[in-house]
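Colleague: Could you walk me through this model? I would like to see how each label follows from its definition.

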Amino acid sequence: MLKIRGLEAWYGASHVLQKIDLDVARGEIVCLIGRNGAGKTTTLKSVAGLIDKVGGSVEFEGEELLGLPAHVRFHRGLAYVPEERRIVPGLDVRENLRLGLIASPLKKRETQAIREASMIFPRLAERITQSAITLSGGEQQMLAIARALISQPKLIMLDEPSEGIMPVLVDEMFELFGKLKSQGATILLVEQNVELALAIADRAYIIDQGAIVHHATAAALLADAEIQEKYCAV
Ligand SMILES: Nc1ncnc2c1ncn2[C@@H]1O[C@H](COP(=O)(O)OP(=O)(O)OP(=O)(O)O)[C@@H](O)[C@H]1O
Ligand SMILES: [Mg+2]
């Protein structure tokens, strides 16, 4: 579904991604793991269309994405939940969720879709008319995830979804990801909580200083204490 070949990215003169190769097949959860500053967010942003200076190739369902604006990629079914939650602070929860429907092929009535999305996280349903800026950090993260899911994307990219969320809700969130997978969702996940992420992932790539240094099945990585210690310690 997603085929990344020789992906490079620059911030000005700084060469941040060095020929990344990475695949995500339909129905897979693939995890991208690495230390702070390794290039995880830059990789997701490059796929989403949010980095100006990139090279190589990113194919999504057989079509080249590089060069296309971010909104076109979104309309093709690629959802991205950034590390810095991009909720719209001036809108309430319902209005933020409605934004996610812009790219939706859903025939379902809007109110029903919003209701279902808010029910993913009951805390959101309780706060449906609350201004998004007054939500707590964790609630904003839930809103960002629900808004990405409401469009029923073909591929969802999540950048550290558990960050700032209390452990009990993190467990619920990962259960949700597992459930989405069983319903056929495809996920590219960046997560510092490596054990939790590998427990639901099929495969994982390890990135270090902008290059993929290792890839393996999630089960193999979970059992590999040496690799984990070398590349996964925060
Ligand atoms: N806008 C920017 N301008 C210049 N350099 C940047 C910019 N954004 C990121 N970088 C640099 O690019 C490198 C990769 O950053 P990136 O955000 O992709 O890392 P990351 O793996 O997501 O790290 P973290 O785990 O801390 O989120 C880092 O060295 C970072 O300092
Ligand atoms: Mg990051």
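Colleague: What makes strand 7 and strand 8 a pair?

Modeller: This is a predicted model, and in it five bridges join strand 7 to strand 8 (residues 186-190), with the two running parallel. Pairing requires at least two bridges between the strands, so they count as paired. One of the links is Met157 with its bridge partner Leu188 in strand 8.

Colleague: How do you know that strand 6 pairs with strand 7?

Modeller: Use the cut-off of at least two bridges again. Strand 6 (residues 78-81) and strand 7 have four bridges in the parallel sense, so they pair as well. Here Tyr80 has Met157 as its bridge partner.

Colleague: Why is strand 7 called largely enclosed?

Modeller: A residue is buried if 20 or more other C-beta atoms lie within 10 Å of its own. In strand 7 (residues 155-159), five of the five residues are buried, so the rest of the structure largely encloses this strand. Leu155, Met157 and Asp159 point one way, Ile156 and Leu158 point the other way, and all are buried.

Colleague: Why do the directions switch like that?

Modeller: In a regular strand, side chains alternate between the two faces of the sheet.

Colleague: What kind of unit do strand 7, helix 7 and strand 8 make?

Modeller: With helix 7 (residues 167-182), the two strands form a right-handed β-α-β unit. Right-handed means that, with the strands pointing away from you, the path from the first strand over the helix to the second runs clockwise.

Methods. Residues are numbered from 1 along each chain as its sequence is written. Chains are lettered from A and ligands numbered from 1 in the order in which they are written. This is a predicted model: local features need pLDDT of at least 70, side-chain atom pairs count only at pLDDT 80 or more; totals for chains, interfaces and linings use all residues. A residue is buried if 20 or more other C-beta atoms lie within 10 Å of its own, exposed if 12 or fewer, and partly exposed in between; C-beta atoms are placed from the backbone.
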